[in-house]
Amino acid sequence: MSQIPNLENAPINLTAIRARAQKELETILKNVRGDKCLVIDPKLSGSLSLLLQSSELKKHGAELRHLTAEPIQTERTKVVYLVRAQLDLMKFISSHIQNDTSKGLQKEYYLYFVPRRVVACEKILEEEKVHELLTIGEFPLYMIPLDEDVFSFELDLSQKEYLVDGDATSLWHIAKTIHNMEFSFGAIPNVRAKGKGATRVADILNRMQAEEPVNTSDVGVPEINTLILLDREVDMVTPMCTQLTYEGLLDELLGISNGAVELDASIMGAQQEGKKMKVPLNSSDKLFKEIRDMNFEVVVQVLRQKATSMKQDYTDISTTTQSVSELKDFVKKLNSLPEMTRHINLAQHLSTFTSKPSFLGKLDMEQTLVEAQSYDICFDFIEEMIHKQEPLVNVLRLLILFSITNSGLPKKNFDYLRRELLHSYGFEHIATLNNLEKAGLVRKQDSKSNWLTIKRTLQLVVEDTDTTNPNDISYVFSGYAPLSIRLVQHAIRSGWRGLEEILKLLPGPHSESKKGGFSSIPSYDTLPGSLNSLDKLAADGRRDLVLVVFIGGVTFAEISALRFLSSQEGMAYDIIVGTTNIINGHSLTETFVEKSV
């Protein structure tokens, strides 16, 4: 199965967007005639694996290398660099060229920035005296479809860059991508934003629309009715909780990267000790599509039922005389055996983690933190983790949850935990703690916590959640409804109206705008579950479309919750998710940890 997702069932034409990016990359390679060495920034090579097979790149005479500080070993005289606009990467490229020059090697160098050229990067190339040796261009890759209803801007550090470094480049990038989409799918009439970054994106988008308007007569009725922009900063509670959907748990425990997990081949039943294998995870795998959004404990039951049913069919076929059509049905079922085996192996491997007392203890503590009723128990638990020297990111993840649900920690406790952390993990982590404080994630308490009001008003904790036949999004965390998705639920239903008081308690401003000239387009003021919402299908039978964009990353559990919302009876809209990147609590916390050089 390919790592490149099948996009045929996407609610908008993501296939065309991907095909355009493929064509642009092929044009770059064709323009550099003959054999060449293609040097790719490692982060980018993961993104490109969702766009093109490496065999396609080789067809254009490209030998592939990853960009590192080490000189490139190649016989080829044409070197093409494909990199993100990052200053450290410019140093690598400069040292490569200087190394070749010192050896008297004459080569042609090409540099393509993704997605666009940046003056600061070119300045470094000039300082290093290599700028004039390079032919410079752009590969405008602003987004990558991850699956039929999810695309990524591939901006891994956007949250830290904006909150800690004050760098808003990623916000321009997001607005530019959305504006580019409008030329294909029409100007989006309704825009709702919450959070500092989100409202900035809405403003930049507004400016772009004024400077470079979309011609409505070219595009017709917009395909995307509503854009909801949400800052990760608005809800940092959700990513710090352990996801309990199948796909979310795979990401938490094994790490999904570019639509695949990499693990020991022996886990997947292969007789290859020590060998690693990649397992693609996208909706091309029919069984994965069926179970990815379920709570993990239900997935285990579903796989057991399917295996039992297959076993029964096998018994029937070997003991009774079957008609040709019955045999045909059985063979059809056998075709799904590789998928069954794959997910039984993965689920079995996940169970070795989820059955551990330490895992269950952590889940209990997260629940206690979210309920925010037992301060001392939580404090003692985190203190004990520090003294046991559990992995720093695991400690920080719970500490962030603790700080947010209490609007910070009392000065005495804050100073004490800070001192203990530095004592246990090293004083170099003072920069890490400063980053977290600057981002407002671990801070001193300066006001009474409003978390209990938010939790109660938005019904974030749901007792007796039915994970088998869920009737609420809280099933994705076995009892906690993601705050971010509750906000999306309200924004789709009636905009920010009626939610003003709660929005004021959450970080950052909010905005709402509606463009005129689209009177034929339904608003969602009357939406769910009213029966008249069923009449809101577009003239050609398509359902209306809401684009939800997360600035600072989204978790798989939140995507599952949005799919659940969209699938509910009486909901007349599809949801497509755009995100700076896919995150979990571990990867998001890690971006704030300063690496010691």
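Let's start with a stretch to treat gently: over residues 517-536 the pLDDT stays under 50, and the model has 43 contacts there beyond four places in sequence. Where pLDDT is low, the predicted coordinates should not be read in detail. This is a predicted model, and the protein chain as a whole averages a pLDDT of 88, with 90% of the residues scoring at least 70.

Now to a pair of helices. Two packed helices are described by the angle between their axes and the distance between the axes. Helix H7 and helix H8 pack at an angle of about 45°, and their axes are 9 Å apart. That angle makes H7 oblique to H8, because it falls outside the ranges for roughly parallel (under 35 degrees) and roughly perpendicular (65 to 115). H7 passes H8 in a right-handed crossing.

The table lists who makes the contact.

| Helix | Residues in the contact |
|---|---|
| H7 | Leu 171, Trp 172, Ile 174, Ala 175, Lys 176, Ile 178, His 179, Glu 182 |
| H8 | Gly 197, Arg 200, Val 201, Ile 204, Leu 205, Met 208, Gln 209 |

Sorted by character, the residues of this contact of H7 with H8 are nine nonpolar, three polar and three charged. In sequence, H7 covers residues 169-185 and H8 covers residues 196-211.

One more residue of H7 is worth a visit: Asn 180 lies in this helix. Is Asn 180 buried or exposed? Asn 180 is partly exposed, because its relative accessible area of 30% sits between the 20% and 50% cut-offs. Asn 180 and Met 208 are 28 residues apart in sequence, and their C-alpha atoms are 10.0 Å apart in space. Met 208 is one of the H8 residues in the contact with H7.

Technical notes: Residues are numbered from 1 along each chain as its sequence is written. This is a predicted model: local features need pLDDT of at least 70, side-chain atom pairs count only at pLDDT 80 or more; totals for chains, interfaces and linings use all residues. Side-chain values use heavy atoms; hydrogens and water are left out. Axes are lines fitted to C-alpha atoms, for helices over the stretch in contact, and angles run from 0 to 180 degrees between N-to-C directions. Helices (H or I, at least four residues) and strands (E, at least two) are DSSP runs, numbered from the N terminus. Angles under 35 degrees count as roughly parallel, over 145 as roughly antiparallel, 65 to 115 as roughly perpendicular and the rest as oblique. A crossing is left-handed if the near helix is turned anticlockwise from the far one by less than a right angle, and right-handed if clockwise. Contact means heavy atoms within 4.5 Å. Ala, Val, Leu, Ile, Met, Phe, Trp, Tyr, Cys and Pro count as nonpolar, Asp, Glu, Lys and Arg as charged, and the others, Gly among them, as polar. Buried means under 20% relative accessible area, exposed over 50%, partly exposed in between (1.4 Å probe, protein chains only). pLDDT is the predictor's confidence in each residue, from 0 to 100.
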